[in-house]
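Look over the chain from its N terminus onward before reading the report. The text below goes from the whole chain to its parts.

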Amino acid sequence: MELLQLKYFQTVAYTEHISKAAAQLNIAQPSLSLTIKRLEDELGTTLFHRKGRNIELNASGEILLKHVNRIFVELENAKLAMQEKEHELSKLIRISISNSRFLSGLISEYIQGFSESQIHQGIASRSDIITQLKKGDVDLGITGHHPIQDEEIESRVLVEEDIVLVVPSKHTYGGDENISLEYFSKYCRKRTLPFPCQ
């Protein structure tokens, strides 16, 4: 038994006329008659009383029509539920970040403009974010450091942050507004500092 057979049966049941049903279904009348005959053979019973050119449901046909109507209603409900789920998922954004401070500052404007969107946020290391992106577990990954170099991932710089050196006012660099990293690195190597300087 196929859905197409049931659709043909339903149309014939409501039109009570093979020719009219065939025209409505846009198929040849002999093809429709054969489909109905095969359905009756499969069910082991007739479904219609034939009255000349017109036909009407018999008791078995009326029982089948009730169930067929339910089948098509349930299929329509399933279709609507799937569309609703797709719509819901289309508003879901899965983000994996390496530091929670990134999220609020970078996409707060988007959240305000698209409040119906749902954001699922997770924290992961840079390498885990790359894996999640490749597997399709997340839609976006936000991480620090340099852009990710990978053929399967498109990477963009969202924010460029300044590196700030904080020293006492009487320090050698106290009065300088700008210091090159290379120059500061040389300064670090000449002294024993409690932190690595690269």
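Contact means that heavy atoms lie within 4.5 Å. By that measure, residues 24 or more positions apart account for 51% of the contacts in the chain with a separation of 6 or more. The model is a predicted one.

**The chain as a whole**

The secondary structure comes to seven helices and five strands. Read from the N terminus on, the elements run α-α-α-β-β-α-β-α-β-α-β-α. The chain has 198 residues, and buried residues make up 25% of them. Its accessible surface comes to about 14,800 Å², and carbon and sulfur atoms hold 51% of that area.

**Helix 1**

Helix 1 covers residues 3-15. Does its length agree or disagree with the expected span? Each residue should add 1.5 Å, so the 13 residues of helix 1 should span 18 Å; the C-alpha atoms at its ends are 18 Å apart, which agrees. The buried residues of helix 1 are Q5, L6, Y8, F9, Q10, T11, V12 and A13. Just after the helix, E16 takes a positive phi of about 55°.

**Strand pairs**

Strands of a sheet pair through backbone hydrogen bonds, either parallel or antiparallel. Both kinds of pairing appear in the table.

| Strand pair | Residues of the strand named first | Direction | Bridges | One bridge partner pair |
|---|---|---|---|---|
| Strand 1 and strand 2 | 48-51 | antiparallel | four | K51 and N54 |
| Strand 3 and strand 4 | 92-97 | parallel | six | L92 and Q118 |

Strand 2, which takes up residues 54-57, runs antiparallel to strand 1. These two strands form a hairpin with two residues between them. In the turn of the hairpin, G52 has a positive phi of about 65°.

**The open sheet**

Which strands make up the open sheet, and in what order? The sheet has three strands in the order 4-3-5, with parallel pairing. Its edge strands are strand 4 (118-123) and strand 5 (140-142), each of which pairs on one side only. From one strand to the next, the twist averages 25°.

A helix also meets this part of the chain. Helix 6, made of residues 126-135, lies across strand 3 and strand 5. The helix runs at about 170° to strand 5.

How values were computed. Residues numbered from 1 in each chain as written. Predicted model: local features only at pLDDT ≥ 70, side-chain atom pairs only at ≥ 80, totals over all residues. Heavy atoms only, no water. Pairing = 2+ DSSP bridges. Axes fitted to C-alpha atoms, helices over the stretch in contact; angles between N-to-C directions. Expected span 1.5 Å × (residues − 1). Buried < 20%, exposed > 50% of the residue type's maximum accessible area, 1.4 Å probe, protein only. Areas by Shrake-Rupley, 256 points an atom, 1.4 Å probe, with all protein chains shown as cover.
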